[in-house]
Amino acid sequence: MPRKYPAKPAASADTAVPSRRTIWKGSITFGLVYIPVALYPASKEDGLDFDWLDKRDMAPVGYKRVNKVTGKEVTKENIVKGLAYQEGRYAILTDEEIRATHPKSTQTVELLSFVDEGEIAPEYFEKPYYLAPTAKGEKVYSLLRETLRKEKKIGIAYVVIATKQHLAALIPGERALMLLLLRWNTEIRGEEGISVPPAGKSAGVKPAELAMATQLVKSMSGKWNPADYEDTFRGEIMALVKKKVAAGKTTEILPADAVSEERPSAKILDLTDLLKRSLKSGGKSSAAAKGDDSESAVPKRKAVVSKITSAKSSAAKSRAGKTATTRAAAKRKPATQKKSA
């Protein structure tokens with residue numbers, strides 16, 4: 001688990017920074033200490049949403065609630081919520097009963113204990129938030145942050161967000177305290193039932209192979225910079241959207257260019273030989289080893305970013321210029337179903 005988080009570039013004095021949306025304002029409590037804070041989201045959804053459309057008139061397509069036995073549509077008034085306790089047997093719960101069991105939104109990060117930094121396994125981390133001091137709580141906020149940093153500790157807490165109780169970890173970042181939601185222990189699957197090689201000397205790894213693998217890892221090691229990595233699928237999709245918009249074919253599928261992709265051979269290679277070849281190429285991928293050096297890769301990444309930005313702008317203009325026919329069709333059938341890519 002990383003101990004520090006990469007600092008974000010500071011905004012210039014003449015650059016307007018939009019205010020961040022607050023989830024809630026409450027407090028951090030441990031013992032008799034009370035720290036007024038505000039909770040802010042530290043992540044955002046960046047997936048691609050595709051609308052379902054009727055290809056005949058481009059009207060939105062939605063779901064129908066259908067009885068799986070009769071095939072007939074079921075109105076909302078006739079739907080109840082049932083939780084299966086055995087196969088085919090349900091306990092029916094009313095909306096009032098469900099609401100009564102929701103934890104009260106106390107807007108409090110209730111610290112329960114502190115554990116050593118790095119003790120929480122990575123599979124438990126789920127979603128990050130920022131905590132910022134409010135109501136002149138800067139000093140006690142700083143005190144907790146610096147204490148956690150000095151002692152290399154992480155706070156374990158309960159927190160309620162949108163009527164749902166979460167387990168969370170309070171971690172000192174570079175400047176802000178981070179609140180990372182954790183998965184409950186019941187949500188983690190064990191390693192039982194999966195086939196993996198044994199650990200230790202019985203794994204059959206030769207000392208020479210381990211030494212070369214260690215050398216290879218060291219040669220490929222560097223500092224973590226998330227900007228070095230990008231969502232290539234999103235880039236390709238946005239480039240395709242831009243191409244379609246420019247061609248004026250926003251409702252037709254253009255044939256994608258055939259791209260030949262080198263796939264790894266199914267042949268099992270000798271591990272020692274594979275490590276030697278990797279060391280010779282300096283840990284680069286097959287494409288990089290053939291001449292795509294790091295200097296040439298930088299402008300390529302910039303070009304992809306430029307394409308995505310341009311595609312977003314073109315897509316926005318296209319949506320603003322929808323035809324009257326499409327708008328009328330959308331009014332006739334307002335139900336829309338989004339499907340995440």
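**Exercise 1. Determine whether Lys-153 is buried, partly exposed or exposed, and find the salt bridge that its side chain makes.**

Step 1. Lys-153 has a relative accessibility of 26% and therefore counts as partly exposed, given that buried means under 20% relative accessible area, exposed means over 50% and partly exposed lies in between, with a 1.4 Å probe and protein chains only. This is a predicted model, in which local features need pLDDT of at least 70 and side-chain atom pairs count only at pLDDT 80 or more, while totals for chains, interfaces and linings use all residues. Residues are numbered from 1 along each chain as its sequence is written, and side-chain values use heavy atoms, with hydrogens and water left out.

Step 2. The side chain of Lys-153 meets that of Asp-116 in a salt bridge, at 2.5 Å from N to O; a salt bridge is a side-chain nitrogen of Lys or Arg within 4 Å of a carboxyl oxygen of Asp or Glu. This pair links distant parts of the chain, since Lys-153 belongs to strand β8 and Asp-116 to strand β6, 37 residues apart. Helices (H or I, at least four residues) and strands (E, at least two) are DSSP runs, numbered from the N terminus.

Step 3. Asp-116, at 38% relative accessibility, likewise counts as partly exposed. Asp-116 also stands opposite Lys-153 in the pairing with β8, and β6 and β8 pair in the antiparallel sense over 6 bridges, where two strands pair if DSSP finds at least two bridges between them.

**Exercise 2. Work out in what order the strands close into a barrel, and which helix lies across them.**

Step 1. The barrel is closed by 7 strands in the order β1-β2-β7-β10-β9-β8-β6, and their pairing is mixed. Neighbouring strands of this sheet are turned by 40° against each other on average, direction ignored.

Step 2. Strand β1 (residues 24-30) pairs with strand β6 (residues 108-116) in the parallel sense over 3 bridges, and the bridge partner of Ile-28 in β6 is Val-109.

Step 3. Helix α2 (residues 138-151) lies across β1, β2, β6, β7, β8, β9 and β10, and runs at about 85° to β2. Here contact means heavy atoms within 4.5 Å, and axes are lines fitted to C-alpha atoms, for helices over the stretch in contact, with angles running from 0 to 180 degrees between N-to-C directions.

**Exercise 3. Decide whether Ser-27 and His-166 are buried or exposed, and list their contacts.**

Step 1. Ser-27 lies in strand β1 and, at 5% relative accessibility, counts as buried. Leaving aside neighbours within four places in sequence, Ser-27 is in contact with residues including Tyr-34, Ile-35, Gln-107 and Val-109.

Step 2. His-166 lies in strand β9 and counts as buried as well, at 12% relative accessibility. With neighbours within four places in sequence again left aside, its contacts are Ala-157, Tyr-158, Val-159, Ile-161, Leu-181 and Trp-184.

**Exercise 4. Identify the salt bridges of Arg-149 and Lys-150, and the network that includes Arg-149.**

Step 1. Arg-149 forms a salt bridge with Glu-146, the closest N and O atoms being 3.2 Å apart. The two residues are 3 apart in helix α2, which means that about one helical turn separates them.

Step 2. Lys-150 forms a salt bridge with Glu-151, with 3.0 Å between the closest N and O atoms. Lys-150 counts as exposed at 65% relative accessibility, whereas Glu-151, with a relative accessible area of 43%, is partly exposed. Salt bridges that share partners join Arg-145, Glu-146 and Arg-149 into one network.

**Exercise 5. Examine the phi angles of Ala-135 and Lys-152.**

Step 1. Most residues other than glycine have a negative phi. Ala-135 has a positive phi of about 50° although it is not a glycine; Ala-135 is found in the loop between β7 and α2 and is exposed, with a relative accessible area of 68%.

Step 2. Lys-152, also not a glycine, has a positive phi of about 55° and lies in the loop between α2 and β8.

**Exercise 6. State where the confidence is lowest and where it is highest.**

Step 1. The protein chain averages a pLDDT of 74, and 68% of the residues score at least 70; pLDDT is the predictor's confidence in each residue, from 0 to 100.

Step 2. Confidence is lowest in strand β11 (residues 338-340), at a mean of 42, and highest in strand β10 (residues 177-182), at 94.
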